[in-house]
Amino acid sequence: QHARASPAAAEETDENAKDVIVTGNRAPKAVDKIAGAITVISPAELQRSLAITEDNTAVLAKTVPGYSESNQTLNTLGETMRGRTALYLFDGVPQSTPLRGGSRNATFTDMSTVEKIEVIGGASAAEGIGAAGGVINYISRRATRDGFHANIGGRLGSQFRDDSETWGIKGDIAYKSGSFDVFAAAAYVDRGMTYDAKGRRIGLSASSSLADSTQRNFFLKVGTDLGSAGVQRLEATGSYFKLASKGGYHYVAGNRALGLPDTAEPGPLLVNGRDVLREEFNEFIQGAINYNHSDLFGGNLVMTGYYAKQAMRFGGENSTDRQDPLIAPIGTLVDQSEIRSEKYGLRTSYSRPNFLIDGLEVRVGIDAVHDTTEQRLALTNRVWVPPMKYTSFGPYVQLSWDIGPVTFSGGLRHENGTIKVDDYTTTYFRNRQAVKGGELKYENNLINGGVIVRLGHGFSAFGSYSEGFTLPNVGIPLRNISIPGQSVASTFDELQAVVFKNKEVGVNWRGSWGSFGISRYNSYSPLGSTYGVDPVTLDFVLNRRPIRIKGWDMTAEVRPISQLRFNAVYSTLEGYTTPANFQDRPLNVQLGIVNIAPDKLNLSATWTPTDAISLSFGMDKTFDRTVRTGSTVTERTTGRTLFDLTAKYKVEKVGTVSLGVENLFNKYYFLAFSQIDFFQNYFAGRGRTVSLTLRSDF
C-alpha cells in the first residue's frame, strides 16, 4: 500500500484524522489497510494552497503526484491524473459526466465548504464509472464543536492592473448541541481579468474561464445522532453553486509565429455586425441523505441517497456547425451549447470486521444510479447530443484479512449498465439525418487484489492490481452522424466500454521525523479512448485504440524539528498507443499533452516559529519534454519553474490574516497544454498575483 498523507503543520492537523480515508470504503478506514495509492490533502494544506489561489485544480496539481498542471481556466482538457481522466466526487456524489464529458466538471463548489480531499490513484471501480486515472473526493465540512460558532472571511487579490482585482466574502455558522448539529455556509466571489508576467491580458478560454466571472455558493448540512448509544446517524446535505461569466471581455487571437499569446479586450465581440458574447456558466445543484449505523450486527452500515443536477453552458459562437438556414441566414446564427446532466442514485455499504475469523473484514453493498445527460444548442433549443439515459447497478464484495504484519485484500464488482437513446435528428450541419434510437448494454466484472507487508521500523511494501470501468464520450459520435440509415446500434464499435487494468508496486517509510513513498504503476486499456480534431469544425472526434501508460510517483516529508517541515512531490509518466485504425499493431505511438503531462517536481518548506505565525515557501517545476513516434518529433514542450509564498498570522480578537503570492518572481511562461496548437488555447500563465485573506471566528 502506498499511504500518503499530504503535509500539514503539527498544530493545525489531527494526526489521526489525516491517516483515515472514507473514499471507496464509505466508512473510516486507516490508510495503511487500503491496497492502493492514497493521498489525503489535509485541512491545513488546503488552507495554505487556497491562500495562493482559489483555482480548484491548482490545489491538486501542487499536492497530488500524477495530477497535471492546472489550465488556470474552467476547462480541464489536458488536465489528467496518471494520463487519464479522474472521477470528481463531492461527498461521494459524482460531479463528472462521462456520457458527455465537457472538461468542465472540476469546478462545482466553493472551496470554503471543503474539509479535506481524498484521492485514490489509478483505475478504480470503487465509486462506479469514470475513474480512469483515479478518484478525487471532496469531503465537506460539518459542525464538530459544541455550541454556536461563526466565522466571516474576506479575500482581496490583485495583479495591480485596473481590471485585475478579485474579491470575495464568505461566511459560515456551525451549531452542535448533544446529538444535533448543523453547518451552513455561503460565499460570493467576483473575479477580474488575469495578466501574464509581461502585463498582457490573458485570453478567455473557448471552454470558459475563471477570469471575468462571479461565483455564488450555498451549502447546508444537518445531522443528528440516533438512539441512546449514539451509534446511528442521519444526515442531510444540500448544495447550490453557480459560476458565471460577466461578459465584459472578448477573446482576441494571438500569433504563435511571433510568440504573442491569445489575449482579451473589453467590450462585445462583433462578427458580421452581431454580438456573439453570451453568459457562460457552471451550475451544480445537489442534495443527499446519509444514514449510518456503526454497530449493526457487529458491523457498519452506510446508505446514501442523492440527487444532482448539473448544467455547463459554453460561449456563444457563429461557427459552421451552429448554422441553420431555417432559423437565420447562414453565417449569422449565434448559439451556445449546453451540457445538462441529471442523476439520482443510491450508494450502500455494510462492513463486518472479524467475520468468522479474527482479522477478516467483509464489505458488501450495491450502488445504483440513473443518469440522463444531453447537449443542446441552448439559444435555439436544438438537440445536438440526444438525451442519453444511463441506468447502472453495481453490486460488490470486498475482503480484507490482517495476518500479523501482512494485509491481504481483494474484491469483485459487477457493473451492469444500459444506455437508452430515443430516435433523434442531427443538426443542419450534419445533414439533418434521422437516427434510430436504441439500447447499448454494458456488463463487466471488475476485480482487485492487493497485499501490504509491514516490515518494521516504519517500512512497508505493497503490490496491487485493480480494474476500472468507464464509458467513452458517447455524445461525440452520436452528434457527428451525418450519413443516412444510421442508428445508435451502428455506432457500437465506437461506444464500447473502456476497461482499465492497473498494476502497482511501492515502498513506504514513516517515522517520527518524516516519511517517504515511491510507487511504480502500469495502466493498460485494450480499447482506450483518445481525441482527434475535425479539421472543418475544429471539434473533437473519438478514436478507439489500445493505450498503455507507465509512471512513477514519489512523495517525501522531512521534519528535522517540530517547527520546520520540508516536502517533495515528484511524478513522471509516459503513454503509448497504436497508429490509427491498427489495433493489432505494436503500441509505438507516444501520447502527447492531451493525455500525458510533463514530469513535475513540487518542493515546499514550512516554518512555524509560534502558534500565531506560519511561513511557507514553495517551488513548482515542470520539465521539458519531447514526444516522438519513431524518429519523428511530434510534440515538444518547454518546462518552467515557479515559486510561491504564504504567510499567516493570528491576530488576537481579530482573526487569521493570510498573505499569498503566486508566481513570486513574476516568471513569464506558457502553459504546457498551450504549447501545442489546439483551438484558442495559446495562453501564457498568470503573472505575479497577491492575495490577502482574513478569517474571523466567533
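Biologist: Why is Lys501 called partly exposed?

Modeller: In this predicted model, where local features need pLDDT of at least 70, side-chain atom pairs count only at pLDDT 80 or more, and totals for chains, interfaces and linings use all residues, Lys501 has a relative accessibility of 33%. Buried means under 20% relative accessible area and exposed over 50%, with partly exposed in between (1.4 Å probe, protein chains only), so Lys501 counts as partly exposed. Residues are numbered from 1 along each chain as its sequence is written, and side-chain values use heavy atoms, with hydrogens and water left out.

Biologist: What makes Lys501 part of a patch of positive charge?

Modeller: Lys501 gathers on the surface with Lys503, Arg548 and Lys550; a patch takes residues with over 30% relative accessible area and no salt bridge (a side-chain nitrogen of Lys or Arg within 4 Å of a carboxyl oxygen of Asp or Glu), and like charges are joined within 9 Å.

Biologist: Why is Arg413 called buried?

Modeller: The relative accessible area of Arg413 is 6%, which is under 20%, so Arg413 is buried.

Biologist: What does the side chain of Arg413 reach at 3.3 Å?

Modeller: That partner is the backbone oxygen of Ala125, and a polar contact of 3.2 Å also joins the side chains of Arg413 and Asp367. A polar contact is a pair of N or O atoms within 3.5 Å; within protein, one must be able to donate a hydrogen and the other to accept it, and residues adjacent in sequence count only if both atoms are side-chain atoms.

Notes. Patches are made of residues with over 30% relative accessible area and no salt bridge: like charges are joined within 9 Å, nonpolar side chains (Val, Leu, Ile, Met, Phe, Trp, Tyr) within 5 Å. Accessible areas come from the Shrake-Rupley method with a 1.4 Å probe; for residues, only the protein chains shown count as cover. Lys and Arg count as positive and Asp and Glu as negative; His and the chain ends are not counted. The place of a charge is taken as NZ of Lys, CZ of Arg, CG of Asp or CD of Glu.
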